[in-house]
Amino acid sequence: MTSRDEPATSITESDDLRDPDVLRVTELVEAARIALVTTVADDGRLVSRPLAVQSRPFDGDLFFFTQDPSSKTSQVRVNDHVNVAFQADHGYVSISGTATVSKDPEMIDRLWNGAAAAWFENGREDPSVALLQVHAESAEFWSVDSPAVVTALKYAKARVTGERPDLGHNATVELDG
């Protein structure tokens, strides 16, 4: 991976859509199906759970169906800082941001799908249906350029030469000015 000494990129810049690091974060997020969403418990512990990413163009906001009330919605109401981690498309991305719990019927209708219905006893009309909306503030990604066999060879070479393996690209991206 390349060094993290490079300056962070911002999605709020005018040419953000052409920035290769912002594009890579977008590609990874849009390719992901499941994310580990981490909240802060009342006692300060970090709590992670897998949640299905709702498919939509990434504009800085992520949406996950959840039941409300639940431990995660209670945690977000006390401390809105969250982390969302993905693995997809030969890469990894970790997004830091803030979360809110939404019962916006228009957004719920727009995102509603069969997978969401499986989690709610009364379907879309279940009173516990809610969205966990995460507003991304920054992201760090690791883009792995090589297939597993090539990666294994790079590790072997690094072990013999004593050098660090070059496995791809790593960068930090500021997504919210």
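Is W142 buried, partly exposed or exposed? Hold that one for a moment. A word on the source: this is a predicted model.

Let's start inside. The largest nonpolar core has 28 residues. Six of them touch the most other members: L62, F64, V84, F86, V93 and I95. Which elements give two or more residues to this core? Helix 1, residues 20–31, is on the list. The others are strands: strand 2 (34–40), strand 4 (61–67), strand 5 (81–88), strand 6 (91–102), strand 7 (129–144) and strand 8 (168–174). Strand 7 gives the most, with 5 residues.

Take V93 from that core. Skip its neighbours within four places in sequence. V93 is then in contact with V25, L28 and V29. It also contacts V84, A85 and F86. A139, E140 and F141 complete the set.

There is another core, apart from the largest one. It has 9 residues, among them F63, F65, A116 and F120.

Now back to W142. It sits in strand 7. Its relative accessible area is 26%. Buried would need under 20%, and exposed over 50%. So W142 is partly exposed, falling in between. What lies across from it in space? Take R24, which is 118 residues away along the chain. The C-alpha atoms of W142 and R24 are separated by 9.4 Å.

One last stop: the backbone. Where is P69? It is in the loop between strand 4 and helix 2, residues 71–78. A cis peptide bond joins D68 and P69. Omega there is about 15°.

Notes: Residues are numbered from 1 along each chain as its sequence is written. This is a predicted model: local features need pLDDT of at least 70, side-chain atom pairs count only at pLDDT 80 or more; totals for chains, interfaces and linings use all residues. Side-chain values use heavy atoms; hydrogens and water are left out. A nonpolar core is a set of buried Ala, Val, Leu, Ile, Met, Phe, Trp, Tyr and Cys residues joined through side-chain atoms within 4.5 Å. Buried means under 20% relative accessible area, exposed over 50%, partly exposed in between (1.4 Å probe, protein chains only). Helices (H or I, at least four residues) and strands (E, at least two) are DSSP runs, numbered from the N terminus. Contact means heavy atoms within 4.5 Å.
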